[in-house]
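Hi,

Here is the structure I promised to pass on. Have a look at it first, and then read my notes below.

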Amino acid sequence: MLALLDEVGSRGTIANSGGRYFGYVNGGSLPAARAASVLSLAWDQNAALRSMSPTAAVLEDIAGGWLLDLLGLPATASFAFVSGATMASFTGLAAARHAVLSRAGWDVEGMGLFDAPRLNVVVGEEVHVSVMKAVGLLGLGRERVVRVPSDAQGRMRADALPPLDELTIVCTQAGNVNSGSFDPFEEICDRAARARAWVHVDGAFGLWAAAVPSLAPLVRGASRADSWATDAHKWLNVPYDCGLVFVRDAAAHQHAMQLQPAAYLAPDAQREPAHWTPEASRRARAVEVWAALRSLGRDGVAEMIERSCAQARRFAAGLRAAGYEVLNDVPINQVLVSFGSDEMTRRVIEAVQRDGTSWCGGSVWKSRAVMRISVSSWATTDEDVDRSLGAMISIARAF
């Protein structure tokens with residue numbers, strides 16, 4: 001059975017754990033995190049309750065505290081381990097929905113949204129689809145959001161924000177999925193603070209810039225927000241199915257997510273993981289996060305992220321030198337390149353994927369077709385970049 005699965009299934013997999021996969025923003029798996037994942041699988045733990053897995057619960061406690069410190073977030077903020085950035089934003093925005101409606105005297109968990117005061121959700125023009133999915137799941141209405149124009153790099157324009165009030169949730173972005181740009185958090189948080197509006201940060205990969213001294217200015221002001229979403233399976237390079245959410249108002253977070261009392265669930269004074277996530281039963285994701293952080297340390301995390309950014313700049317410099325147009329400023333790990341016309345760019349992308357030296361995807365940026373290079377893997381070396389550049393340029397020149 002396993003031989004059949006290997007023979008048939010392996011041919012249909014993508015080598016996103018290798019050093020020359022630059023599609024989407026997919027991290028690889030650090031050796032320590034991968035080994036921890038295997039051990040965790042052997043343990044077969046249900047991380048819902050402390051009584052189900054004391055090890056999983058304690059590792060969540062430890063890793064959650066480390067992450068708050070590493071990302072420069074309030075030490076008293078709550079945290080949770082979820083499946084990915086979509087559910088991280090869902091959880092953060094559920095906490096926002098609870099807190100904002102509570103100010104208006106409305107119990108949304110008890111009474112639902114029928115006849116509730118109207119909430120205002122403000123997003124940037126470049127909002128990620130995962131945030132919009134979360135907005136829809138929460139009943140806040142994808143068609144009712146207010147979209148704020150963005151600048152040439154995809155940053156929300158703080159000067160174009162609509163009037164805010166205490167029934168407003170503002171969704172900001174750390175790391176535009178195309179350009180890698182960061183919204184102006186200081187200005188947005190200033191406006192929100194005066195209006196008592198809630199600020200959420202979608203930082204699926206960009207929030208990790210906070211762990212790197214040289215990149216920290218990009219997220220200046222983001223720590224003033226109220227909730228934050230990110231992925232560990234992107235730049236922390238743990239196995240897939242590992243998102244993270246942090247909420248300044250821990251009570252709002254718990255009220256939005258906690259299980260209702262049940263006779264077989266004994267109360268516990270310690271943190272119970274299931275009271276902070278949409279799921280009850282779930283795998284012990286914190287095992288891999290703990291292993292990654294313990295093996296890398298603060299300096300190792302910073303070096304890994306900084307190396308990816310340097311390699312993205314290496315890509316951009318090589319493509320510019322070859323005469324191709326790089327359309328973004330490359331603040332972190334994303335590179336957008338045009339090979340001329342939209343048709344030519346799409347042909348080059350298809351040929352690069354067919355060649356197999358590396359894998360890059362396509363996107364559309366400011367109405368232009370682009371090849372998007374995302375450098376996210378711990379395994380990528382400068383040699384991988386140079387080899388990939390050589391193949392890309394050779395392919396483009398052949399047309």
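**Around α6**

Just after α6, G139 takes a positive phi of about 75°. Keep in mind that this is a predicted model.

The helix before that glycine, α6 (residues 129-137), has its axis within 8 Å of the axis of α4 (residues 85-103), and the two cross at roughly 45°. That angle makes α4 oblique to α6. The crossing is right-handed. On the α4 side the residues in contact are T86, S89, F90 and L93, and they meet S130, V131, K133, A134, V135 and L137 of α6. Sorted by class, this contact has six nonpolar residues, three polar ones and one charged one.

Which residues of α6 are buried? They are S130, V131, M132, A134 and V135. The cover over them includes α4, β2 (120-124), β3 (146-148), β4 (168-173) and β5.

**α4 again, this time with α8**

α4 also comes up against α8: their axes come within 8 Å and cross at roughly 105°. The two helices are therefore roughly perpendicular to each other. From α4, the contact takes in F90, T91, A94, A95, H98 and A99, which meet A252, H253, H255, A256 and M257 in α8. By class that gives seven nonpolar and four polar residues, with no charged ones. If you are picking residues to look at, F90 is listed in the contact with α6 and also in the contact with α8.

A250 is in α8 too, a helix that spans residues 250-257. Is A250 buried or partly exposed? With 24% relative accessibility, A250 counts as partly exposed, because the buried class stops at under 20%. A250 touches T76, S78 and W276, leaving aside residues up to four places away in sequence. A250 and A77 are 173 residues apart in sequence, yet their C-alpha atoms are 5.9 Å apart in space.

**The nonpolar cores**

The largest nonpolar core has 64 residues, and those with the most contacts inside it are L67, F81, W208, L236, F246 and V289. At least two residues each come from α2 (31-43), α3 (54-70), β1 (78-82), α7 (185-195), β5 (198-202), β7 (243-247) and α9 (286-321). Of these, α9 gives the largest share, with eleven residues.

What does F81 touch? Not counting residues up to four places away in sequence, its contacts are E60, A63, G64, L67, G243, L244, T277, R282, R285, A286 and V289. A second core, separate from that one, has 35 residues, including A116, V135, L138 and W276. Two of those names have come up already: V135 is one of the buried residues of α6, and W276 is one of the residues that A250 touches.

**One loop residue**

Last item: S358, which is found in the loop between α10 (342-355) and β10 (361-365). Although it sits in a loop, S358 is buried, with a relative accessible area of 4%. S358 touches R20, F22, V352, S388 and M392, again not counting residues up to four places away in sequence.

That's what I have for now. Shout if you want to go through any of it together.

Cheers

How values were computed:
Residues numbered from 1 in each chain as written. Predicted model: local features only at pLDDT ≥ 70, side-chain atom pairs only at ≥ 80, totals over all residues. Heavy atoms only, no water. Axes fitted to C-alpha atoms, helices over the stretch in contact; angles between N-to-C directions. Helix = DSSP H or I, 4+ residues; strand = E, 2+ residues; numbered from the N terminus. Parallel < 35°, antiparallel > 145°, perpendicular 65-115°, else oblique. Left-handed = near helix turned anticlockwise from the far one by under 90°. Contact = heavy atoms within 4.5 Å. Nonpolar A, V, L, I, M, F, W, Y, C, P; charged D, E, K, R; others polar. Core = buried A, V, L, I, M, F, W, Y, C linked by side-chain atoms within 4.5 Å. Buried < 20%, exposed > 50% of the residue type's maximum accessible area, 1.4 Å probe, protein only.
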